[in-house]
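Thanks, everyone; I would like to walk through one small set of computed features, starting with the overall layout and then turning to two residues.

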Amino acid sequence: MNKPTALIMNYIYFIQIGVLTVDDVPNHLKADVEKWDKALTTGVVGGTDNGMANQ
């Protein structure tokens, strides 16, 4: 799995603080933003729990 770009991380930050919603993200970035937002909030990357959210 590739690392998220700075642009994707910026969108995730604004989503997590409540400034934006996923619907506000441009369509060409939406899938990556959703994937990384889920990975960073749940610790699950690609269906396996890495424990990232617990650290």
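Helices and strands here are DSSP runs, numbered from the N terminus, with H or I over at least four residues for a helix and E over at least two for a strand. On that basis, the protein reads α-α-β-β along the sequence, with 2 helices and 2 strands. What we have is a predicted model, in which local features need pLDDT of at least 70 and side-chain atom pairs count only at pLDDT 80 or more, while totals for chains, interfaces and linings use all residues. Residues are numbered from 1 along each chain as its sequence is written, and side-chain values use heavy atoms, with hydrogens and water left out.

Of the 55 residues, 25% are buried, meaning under 20% relative accessible area, with exposed being over 50% and partly exposed in between (1.4 Å probe, protein chains only).

Let me turn to Asp-37, in helix 2, residues 27-42. Asp-37 is buried and yet has no salt bridge, that is, no side-chain nitrogen of Lys or Arg within 4 Å of its carboxyl oxygens; the nearest side chain of opposite charge, Lys-38, is 11 Å away. Setting aside neighbours within four places in sequence, Asp-37 is in contact (heavy atoms within 4.5 Å) with Ile-12, Ile-15 and Gln-16.

Leu-20, by comparison, sits in the loop between helix 1 (6-16) and helix 2, and it counts as partly exposed because its relative accessibility is 24%. With the same neighbours within four places left out, Leu-20 is in contact with Tyr-11, Phe-14 and Ile-15.

Note on methods. Lys, Arg positive; Asp, Glu negative; His and termini not counted.
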